[in-house]
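User: I should like to examine this structure with you and learn how its descriptive terms are justified.

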Amino acid sequence: MIKINKMFGCLLTVALMVTGASRAVAAEQCGIASAHELATNAGCEILRSGGNAFDAAVAVAAALAVVEPFASGIGGGGFFLLHRASDNVDVFIDARETAPARATPDFFVDNTGHAKQKAALEGPTAAGIPGEPAALDWVARRYGKLSLARTLAPAIRLAKQGFAADARYAAASRMQESLLQSNGAAARIFLDHGKAAAAGFLVIQPQLADTLHMIGAEGGTSFYRGDFARRLVTQVQTAGGLWELSDLENYRVIERAPVKFTYRGASITTSPLPSSGGLVLAQSLFILESMPMSRVSESERAHYIVEAMRRGYQDRARFMGDPGFFAVPVKKLASREYALARGASIDPQRATPSSVLAQDSAAVEEGADTSHFSIIDAAGNRVAATVSVNGPFGSGFVAGDTGVILNNHMDDFVLVPGVPNLYKLVGSKANAIQPGKRPLSSMSPTFVEDDRGVLVLGTPGGSRIISMVLESILDYVDRAEFDLKRLVATPRFHHQYLPDRIEIEPGSFSDDWIEALKDKGHVVEPGKRKWGNMQAVFRDRKTGRIETASDPRGQSGVLF
Ligand code: DON
């Protein structure tokens with residue numbers, strides 16, 4: 001029997017709404033942290049009615065699809081990293097979108113060779129074939145204890161009854177007002193009389209409720225086959241999109257082995273391709289393990305971290321893509337020897353310009369929005385899941401009367417080599433569009449384990465997801481004192497190889513720190529706003545005590 005501690009339990013949501021603490025709920029032996037209190041409540045409801053962490057994950061993901069339609073949903077995809085306590089199994093559920101068969105590289109390039117980025121970002125041409133409906137079904141059937149109809153019930157209720165828009169919803173609808181206005185169904189559901197909605201606006205989604213109800217009653221396949229699928233395809237094609245019925249019928253969730261390695265004795269279990277997260281984290285952390293991190297100043301430490309990231313992200317751009325379509329040299333990229341060789345070029349005194357690093361071609365021979373949640377249950381099962389429709393409100397296209405807003409994940413492919421995407425990421429032919437292929441992702445749900453306990457974490461934030469997870473792992477492993485609230489709130493800096501600059505959260509670093517890095521030759525630029533919305537759950541190995549923390553940035557309308 002799960003006992004919810006009333007101080008922090010799901011029952012006191014009204015009082016906790018004021019502090020934001022209800023996004024992260026800890027009971028005696030279980031904890032849930034998500035980006036929205038109503039989604040966290042949905043997970044609590046399922047745990048209380050006898051479900052396990054996997055059932056709760058289905059409930060949280062489905063509720064997020066309703067209350068954060070700008071971030072994730074059944075028109076998008078995601079990754080679910082699971083740990084099953086009974087047999088100590090870790091598995092990565094890949095529910096990433098796939099490119100439709102008619103999405104050839106040429107479709108996204110004009111006749112002068114320029115990328116047609118609008119087609120990859122807006123409207124139905126931007127949408128990959130969604131993976132989330134298949135994932136909900138897969139996780140429920142293979143890992144859960146309750147029926148899909150039961151676990152989807154809280155989300156269906158929220159969609160039917162509506163929920164009050166919060167500051168983040170209002171910010172997203174302001175940002176995407178004109179995109180949403182361009183699609184009748186999207187405007188009707190998500191705008192207030194055709195205008196951006198303010199906080200407090202009641203968002204009611206009866207058609208999405210019907211779609212979720214259908215999935216609960218008939219299973220995930222009802223989304224991909226038969227009448228519903230035909231309706232989806234008709235809506236998409238009528239509006240100029242590329243989907244065909246066979247694209248939906250061919251969609252499959254893939255179970256993959258997570259990337260596993262150790263960093264200074266802590267075990268890291270994280271995301272494999274088509275997420276670039278695991279390989280970039282492994283390379284960066286292996287490099288950092290060989291650096292004198294505990295004996296240097298804060299700015300020197302940042303210099304090493306930036307140089308490690310620069311190299312990790314460079315390999316993301318050069319070599320990574322869907323492993324089912326491109327021979328990514330995974331073994332090499334995940335090896336300590338390779339990382340140490342890459343780290344050998346780091347000068348403690350000077351930044352390595354990315355343009356200089358780009359000449360090193362011999363290193364390997366072979367060729368907003370999003371949402372994260374973390375769960376631990378009383379049996380020790382864990383879920384770290386990052387789900388997404390990509391940009392805020394995805395493609396802005398709602399497929400007619402289905403109530404489903406479609407993703408814009410086609411932009412995560414490389415449209416033209418060297419041309420940056422929404423997150424300023426560049427890439428190679430490893431991540432070029434091919435029918436059925438999954439676009440390379442940065443989403444990195446992660447577990448960190450050591451003698452002290454186990455940490456379940458992740459965050460949205462596009463390309464900056466990996467640097468955020470990296471800095472949190474460093475905070476947990478390298479700092480003497482563990483403090484989960486600090487870990488999710490720590491000021492962030494980011495380097496992704498190109499553009500060649502350190503981006504910092506505005507107002508978060510001292511002038512001395514910035515000057516010391518500039519003296520080493522780095523360009524340091526404050527971003528427009530802070531980024532990330534990390535959700536973490538920690539279980540203390542000795543006491544069994546659970547702690548949860550939600551990123552304070554996610555409280556105030558911060559989108560990225
Ligand atoms: O898969 C990816 O890497 C991106 N589509 C994630 C997008 C994201 O995190 C937007 N965030 N706020």
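User: Which strands does helix H3 lie across, and at what angle does it run to S10?

Analyst: The model is predicted; local features need pLDDT of at least 70, side-chain atom pairs count only at pLDDT 80 or more, and totals for chains, interfaces and linings use all residues. Residues are numbered from 1 along each chain as its sequence is written, and side-chain values use heavy atoms, with hydrogens and water left out. Helix H3 (residues 53–67) lies across S2, S3, S10 (369–376) and S11, at about 155 degrees to S10. Angles run from 0 to 180 degrees between N-to-C directions, with axes fitted to C-alpha atoms, for helices over the stretch in contact; contact means heavy atoms within 4.5 Å.

User: What makes S3 and S11 a pair?

Analyst: Two strands pair if DSSP finds at least two bridges between them. Strand S3 (residues 77–84) and strand S11 (residues 382–390) have seven bridges, in the antiparallel sense, so they satisfy the definition. Within this pair, Leu82 stands opposite Val383 in S11.

User: Why are S1 and S7 said to stand at the edges?

Analyst: The open sheet has the order S1-S2-S10-S11-S3-S4-S7. Strands S1 (24–26) and S7 (254–256) each have a single partner strand, so one side of each is left without a neighbour in the sheet.

User: What makes the approach of Ser441 to the ligand a polar contact?

Analyst: A polar contact is a pair of N or O atoms within 3.5 Å; within protein, one must be able to donate a hydrogen and the other to accept it, and residues adjacent in sequence count only if both atoms are side-chain atoms. A polar side-chain atom of Ser441 lies 2.7 Å from an oxygen atom of the ligand, so the pair qualifies.

How values were computed:
Helices (H or I, at least four residues) and strands (E, at least two) are DSSP runs, numbered from the N terminus.
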